[in-house]
Amino acid sequence: MQSLATSLIIFLTCFVLLPAQPAAAWLFGGDTLVTIDDTSYSNEDFRRWWQLWNTDNESLPATPDIYIDWLLLAREGARMGLDEDPGFKRQTRIYLQSRGLLMLKYEEVDSRIEVTDEQIEERYRRDEIPRWTVQRLVFSDDVAAAAAYARVTEGEISAAELAELDMTAGGPMTSSENQVRPSAIDSGWTTIFRATEPGALIDPERHQGGSALYYLKQQLGGDVDDLERQKERLRRDLRREQERKLTQELLQRLREKYEVKINEERLAALDLTADDSSFSDDPVITTARDNVSEKQFIAVIRRLQGSRPAAAHAVVDPQQAQELKVETADNIIAQSLTNWESLDRGFEEREPFKWEYQFNYQHRLTVSVEQRMVQPDVQVSDEQIEAYYQQNQQRYTQPEMVKMLMIDETQAPIDRFWTDVMTGKGFRQVLREHFEQQLSAQEFPLNHLDPKVREVVEGLTHGETSRIFHAQGVRLMVHLEHRSPARPLPLEQVRRSIRDELQQQQLELARQAYLDQLRAHARINVKNRQWRTLQQELGGA
């Protein structure tokens, strides 16, 4: 269904959905914190902004400058009419639609779901009891099974005795025992078990015979402990049922509201195997808001064929093709109706989403201004990259590397190890004698080593083993295998990271220069007493 939903979302972009506009400024009342030109912003404005801005849980800054800069950019974006850009409107619509769908679902479905203990207990009595212990007795074939059943019905042996009987005496080849309840088995078996007395063998004709017989060994009713074990599962089941019911009721109301009609004859006549050019602009689905033509409908089908293997096979089978068409029509309608209704409800004008929507709207204005007015001025040349590389050689130099083995007194009898090396044995030979598992040398940047270890390593040559020394509270020794001198990294290897760093530096400078211009043309007044109040309240610097 995920692929279907994705396809439908792509398709439904053809419907015209206009976004609502947020207020020009946040006027929530309360004491004024800052005034820009003739617009005042209160402490409460800042609190709401900070809650939405501060996603990294940072401390409040020393001044409200970051807030003022944000306001200046958002105001400038609105003045420039950047929110009239089609791309900006599309982003607004997508944001409103995605959040609105969640709020619509909560308002019409989730908030209305109520599962009580009484409902759970009623469902438990209906679907979870009795609990039957059933033995499945498997014989060599259906003849042997029928013969065994006859022995029980004729009174020669009991069902319990048959279950324990050896195969050579006419008993089952194998047997297995399970406890089942109505909710876990087919309704046909539920009917059979309800009509069978505990201790009885079930007539094979009731389950179409075969090589197996079923012995109803025990029947248990409900109890408090079993109810408690099933309670959460039953609660989830009941919740899902209510969710489906409320969703269908919502969709039915929306079908009536938006006057949805399906041309059943046209839908049935659509040949999904026909060439796409054969489909017309005549509507398959009509609504008070917009229509879906044959061409639009078949475009959704084709996307389904590409993303769902089952849909690709269904188009060639008449019955499956009809089912696919009905399913697709229903999903197009459901997606369209909920999208339209999520926007028509005006959630962006209701608290608490109102504040989040306005923040998102204005923040995207700040981003649009920076993209339009700041980013185009940021250009990093190859000459700047090369100059930065030469001026910061230490940053772009791989340090001296050493490949070595360290052995301390917690790993081996280090004095004996050192003596063996000094008497002429090769280091690797001594390693094999003292360690069951072969140790491997490791490579480290020389400047990352413990100062004492580094001092010792710097005095060694390739293949040389140090004397025993102390470092970090232990006695140890080092064997140097190889040393690689420091070398500069090639410019091409670091060119992209240098470009990114220089671009970020220039972007920050250009942004600040642009903000300085905005500040120079604005009348800004900050109430420091109000700011101190916010600092005390929100834990600022």
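1. A good place to begin in this predicted model is the hairpin of strands S1 and S2, where two residues lie between the strands and Asp37 takes a positive phi near 55°. The strands themselves, S1 with residues 32-36 and S2 with residues 39-42, pair in the antiparallel sense over four bridges. On either side of the turn, Ile36 stands opposite Thr39 in S2.

2. Asn43 has its place in helix H2, and this helix covers residues 43-53. With a relative accessible area of 6%, Asn43 is buried, because the cut-off for that word is an area under 20%. When neighbours within four places in sequence are left aside, Asn43 is in contact with Asp31, Thr32 and Leu33, and also with Gln530 and Leu534. A reader following the chain may therefore wish to look at both groups of partners, the one numbered 31 to 33 and the other made up of Gln530 and Leu534, around Asn43.

3. The aromatic residues of helix H2 deserve a paragraph of their own. A search of the whole structure finds 19 aromatic pairs, and one of them joins Phe46 and Trp49 in a tilted arrangement, with 5.6 Å from centre to centre and 40° between the planes. Phe46 and Trp49 are three residues apart in helix H2, which means that about one helical turn separates them. Both Phe46 and Trp49 are buried.

4. Phe46 also pairs with Tyr67, and here the arrangement is edge-to-face, at 5.1 Å centre to centre and with 85° between the planes. Since Phe46 lies in helix H2 and Tyr67 in helix H3 (residues 65-79), the pair ties together parts that are 21 residues apart in sequence. How buried are the two partners, in terms of relative accessible area? Phe46 has a value of 0%, and Tyr67 has a value of 1%, so that Tyr67 too counts as buried.

5. These rings belong to a wider group, for Phe46, Trp49, Trp50, Trp53, Tyr67, Trp70, Phe359 and Trp531 form one aromatic cluster. Elsewhere, rings are met by charged side chains: Arg48 lies over the face of Trp355, at 4.2 Å from the ring centre, and the charged end of Arg364 sits over the ring of Phe88, 4.3 Å from its centre.

6. Two peptide bonds call for a careful look, because most peptide bonds are trans. The bond from Ile129 to Pro130 is cis, with omega near 0°, and Pro130 is found in the loop between helix H5 (117-127) and strand S3 (131-138). The bond from Glu351 to Pro352 is likewise cis, again with omega near 0°, and Pro352 has its place in the loop between helix H13 (318-344) and helix H14 (353-374).

7. The record from UniProt, an unreviewed entry, gives the annotation "coiled-coil region" to residues 217-264. In the model this span is 73% helix and 12% strand, and its end C-alpha atoms lie 54 Å apart. Within these numbers falls Glu259, which is found in the loop between helix H9 (224-257) and strand S6 (261-262). The phi of Glu259 is near 55°, a positive value in a residue other than glycine, and at 52% relative accessibility Glu259 counts as exposed.

8. For residues 380-495, the unreviewed UniProt entry lists "domain: PpiC". The end C-alpha atoms of this span lie 11 Å apart, and the span is 34% helix and 26% strand. Gln472 is found in the loop between strand S12 (469-471) and S13, and its phi, near 55°, is a positive value in a residue other than glycine. Is Gln472 buried or exposed? With a relative accessible area of 69%, Gln472 is exposed.

9. The strand that follows this loop, S13, covers residues 474-484 and holds Ser484. The side chain of Ser484 makes a polar contact with the side chain of His482, at 3.4 Å. Leaving aside neighbours within four places in sequence, Ser484 is in contact with Glu400, Met401 and Glu443.

Definitions and conventions:
Residues are numbered from 1 along each chain as its sequence is written. This is a predicted model: local features need pLDDT of at least 70, side-chain atom pairs count only at pLDDT 80 or more; totals for chains, interfaces and linings use all residues. Side-chain values use heavy atoms; hydrogens and water are left out. UniProt positions are given in the numbering used here, feature names are shortened, and annotations may be inferred rather than shown by experiment. Rings of Phe, Tyr and Trp (its six-membered ring) pair if their centres lie within 6.5 Å; planes under 30 degrees apart count as stacked, over 60 as edge-to-face and the rest as tilted. Buried means under 20% relative accessible area, exposed over 50%, partly exposed in between (1.4 Å probe, protein chains only). A charge sits over a ring if NZ of Lys or CZ of Arg is within 6 Å of the ring centre and within 35 degrees of the ring normal. Two strands pair if DSSP finds at least two bridges between them. A polar contact is a pair of N or O atoms within 3.5 Å; within protein, one must be able to donate a hydrogen and the other to accept it, and residues adjacent in sequence count only if both atoms are side-chain atoms. Contact means heavy atoms within 4.5 Å.
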